[in-house]
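Work through the exercises below with the structure open beside the text. Each task is followed by a solution in steps.

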Amino acid sequence: MSLTLQSPPFSALSSSLQGRSRFLPGAGSTASNLVVFNNVRKSFPLIRASSSSLDTGSNTELDAVSSFSEIVPDTVIFDDFERFPPTAATVSSSLLLGICSLPDTVFRNAVEMALADSTCYGLENADLRLSCFVNKALVNVGGDLAKLVPGRVSTEVDPRLAYDTHGIIRKVHDLLKLYNEINVPPERLLFKIPSTWQGIEASRLLESEGIQTHLTFVYSFAQAAAAAQAGASVIQIFVGRLRDWARNHSGDPEIEAAISRGEDPGLALVTKAYNYIHKYGHKSKLMAAAVRNKQDLFSLLGVDYIIAPLKVLQSLKDSVTAPDEKYSFVRRLSPQSAALYNFSKEELVKWDQLSLASAMGPATVDLLAGGLEGYVNQAKRVEELFGKIWPPPNV
């Protein structure tokens with residue numbers, strides 16, 4: 001049995017959330033990609049194929065840096081798909097809130113169909129029913145995103161499971177089953193998991209099944225090394241957040257060691273993690289997020305992925321590179337430089353729960369807790385909204 005939802009419940013929600021059209025996937029300090037809904041049309045826009053990750057000229061700074069790293073727009077503005085076409089996407093609680101806040105988005109039908117799912121509304125337990133609706137909505141939207149981007153779609157795993165290894169694995173299996181039902185192949189998918197020890201262990205077990213994972217909230221070398229040892233497909237480090245923490249706090253040995261060397265703590269962590277991954281042959285790809293300016297980006301050239309704000313991308317695109325300026329763009333990170341990097345004996349341990357906990361300084365503890373809190377708040381808001389929408393008319 002299938003139902004078509006009418007618009008009044010969404011209209012009511014849209015008016016209550018009007019003006020909140022900009023959403024970070026994890027609320028404020030927990031976000032990685034900004035999602036902006038901007039006069040979205042009901043049909044998907046065409047995206048021109050390009051050999052580069054972004055539509056660039058042959059002599060711009062953007063073209064130059066794109067030859068070293070895959071540059072991913074930090075903002076998805078649907079009207080700007082032609083200008084900065086995204087290569088990958090993340091579906092999260094924040095994105096669902098964005099869809100529910102507007103009366104006319106390309107993803108509205110995906111959420112409506114989730115809330116009309118007969119399997120979900122047949123569940124008597126209210127909590128299980130809401131969880132089912134959220135799973136379906138994430139997957140339906142993720143399926144639509146997979147049609148829009150050439151790369152992988154990362155799906156957020158419920159952050160309330162961050163300290164439950166088996167709970168994370170069950171949730172990923174549930175989501176993967178739903179993706180299979182709409183014919184999205186596993187190779188197009190990542191599952192975004194917080195980098196607690198339990199999350200890292202879940203990543204290890206899922207990767208052993210051939211399921212690709214995306215570990216986020218990495219703020220220390222210990223987390224990055226443990227994630228690499230687990231075989232995580234993508235490891236995401238937030239450069240700017242570590243810098244922000246260092247400006248307002250003290251007492252973190254890893255950050256203070258970087259500062260004493262005259263290094264930015266966020267850039268230093270990305271460099272060290274990259275060198276570790278490549279020197280010791282781990283398969284993980286490294287993603288640098290929360291990049292704040294062009295200098296950050298130039299300092300990270302060679303890392304696998306750089307998530308950059310639109311203002312930085314536009315500045316790069318508008319800047320023409322003269323032939324004699326080519327030397328200015330130097331690959332800072334490479335397997336060759338990684339091979340020369342020296343790690344201490346303490347850094348080359350086989351990381352376990354105890355050693356990871358001992359190595360996590362106050363910056364990691366604070367930033368991880370803050371990130372999880374933001375994600376949990378977003379997840380709760382989605383359930384509250386879905387609880388108001390359901391039951392829809394005629395159910």
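The exercises concern a predicted model and cover a helix pair and the cysteines.

**Exercise 1.** Classify the packing of α8 and α9 by angle.

Solution. Helix α8 spans residues 197–208 and helix α9 spans residues 221–230. Their axes lie 8 Å apart and meet at an angle of about 20°. Angles under 35 degrees count as roughly parallel, so α8 is roughly parallel to α9. The crossing of the two helices, α8 and α9, is right-handed.

**Exercise 2.** Find the residues that make the contact of α8 with α9, and sort them by class.

Solution. On the α8 side, the residues are I200, S203, R204 and E207. On the α9 side, they are Q223, A226, A227 and A230. Sorted by class, the contact has 4 nonpolar, 2 polar and 2 charged residues.

**Exercise 3.** Decide whether C120 and C132 are bonded or not, and describe the link.

Solution. The sulfur atoms of C120 and C132 are 2.0 Å apart. The cut-off for a disulfide is within 2.5 Å, so the pair of C120 and C132 counts as a disulfide. The count by this rule comes to 1 disulfide. The angle about the S-S bond is -70°, and the link is left-handed. As for position, C120 sits in helix α5 (residues 118–121) and C132 in helix α6 (residues 126–148), 12 residues apart. Both C120 and C132 are buried.

**Exercise 4.** Is C100 buried or exposed?

Solution. The relative accessible area of C100 is 1%. Buried means under 20%, so C100 is buried.

Conventions:
Residues numbered from 1 in each chain as written. Predicted model: local features only at pLDDT ≥ 70, side-chain atom pairs only at ≥ 80, totals over all residues. Heavy atoms only, no water. Axes fitted to C-alpha atoms, helices over the stretch in contact; angles between N-to-C directions. Helix = DSSP H or I, 4+ residues; strand = E, 2+ residues; numbered from the N terminus. Parallel < 35°, antiparallel > 145°, perpendicular 65-115°, else oblique. Left-handed = near helix turned anticlockwise from the far one by under 90°. Contact = heavy atoms within 4.5 Å. Nonpolar A, V, L, I, M, F, W, Y, C, P; charged D, E, K, R; others polar. Buried < 20%, exposed > 50% of the residue type's maximum accessible area, 1.4 Å probe, protein only.
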